[in-house]
Amino acid sequence: MEILGTTLRICVDDLETSVTFYERLTGSRALRFERGGVSVAAVGCFLLMSGPASEIDVLRRVTATIAVKDVDEALTTLTEVGAQVLAGPVPTPVGRNLIAVHPDGSVFEYVDRRALQDG
């Protein structure tokens with residue numbers, strides 16, 4: 001499995017204020033979308049999330065987002081090395097993802113942009 005990079009996940013109370021800060025920090029414009037009642041803004045290597053406490057509490061458990069070439073390959077590798085896949089692979093606004101717990105208890109999201117590459 002080839003890891004292409006990581007995204008730092010940050011849960012925030014005030015998305016607009018945070019977007020302004022991170023856009024200025026990174027010099028990048030935010031890519032925004034909604035998912036399951038959560039407002040999301042991707043700014044550079046940061047993924048800002050804001051929404052209802054019930055949703056944010058679940059999102060806080062995920063340590064980081066790991067970009068991979070192919071989520072199906074990640075699924076195979078993760079299963080082979082003893083990780084437990086909690087959800088996915090499922091489509092997202094920018095590709096596909098899955099959530100896995102590593103044997104040490106760390107929770108990570110794995111994402112690809114395959115849907116964009118194939119379409």
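**Exercise 1.** Work out whether Phe46 is buried or exposed in this predicted model.

*Solution.* Start with the relative accessible area of Phe46, which is 15%. Next, recall the cut-off: buried means under 20%. Phe46 is therefore buried.

**Exercise 2.** Find the aromatic pairs, and say how the rings in each are arranged.

*Solution.* Step one: searching the whole structure turns up 2 aromatic pairs. Step two: take Phe21 and Tyr22, whose ring centres are 4.9 Å apart with planes at 90°, so this pair is edge-to-face. Step three: for Tyr22 and Phe46, the centres are 4.7 Å apart and the planes are at 50°, so that pair is tilted. This second pair ties together distant parts of the chain, with Tyr22 in helix H1 and Phe46 in strand S4, 24 residues apart. Step four: put the rings together, and Phe21, Tyr22 and Phe46 make one aromatic cluster.

**Exercise 3.** Sort Phe21 and Tyr22 by how open they are.

*Solution.* Phe21 has 48% relative accessibility, so we call Phe21 partly exposed. Tyr22 has 15%, so Tyr22 counts as buried.

**Exercise 4.** Which parts of the chain build the largest nonpolar core?

*Solution.* First, list members: the core has 11 residues, including Ile66, Leu78, Leu98 and Phe108. Then match them to elements: strand S5, helix H3, strand S7 and strand S8 each give at least two residues. Another core, of 8 residues, lies apart from this one, and Tyr22 and Phe46 are among its members.

**Exercise 5.** Describe the lining of the largest pocket.

*Solution.* Begin with the space: about 970 Å³. Now the lining: 40 residues, split into 22 nonpolar, 10 polar and 8 charged. Arg9, Leu47, Asn97, Glu109 and Val111 lie nearest the centre.

Terms used
Residues numbered from 1 in each chain as written. Predicted model: local features only at pLDDT ≥ 70, side-chain atom pairs only at ≥ 80, totals over all residues. Heavy atoms only, no water. Core = buried A, V, L, I, M, F, W, Y, C linked by side-chain atoms within 4.5 Å. Buried < 20%, exposed > 50% of the residue type's maximum accessible area, 1.4 Å probe, protein only. Helix = DSSP H or I, 4+ residues; strand = E, 2+ residues; numbered from the N terminus. 1 Å grid on protein atoms, 1.4 Å probe; cavity = no way out; pocket = protein on both sides within 12 Å on 5 of 7 lines; lining within 4 Å. Points joined across faces, edges and corners; volume = space filled by probe spheres on them. Nonpolar A, V, L, I, M, F, W, Y, C, P; charged D, E, K, R; others polar. Phe/Tyr/Trp six-rings, centres within 6.5 Å; stacked < 30°, edge-to-face > 60°.
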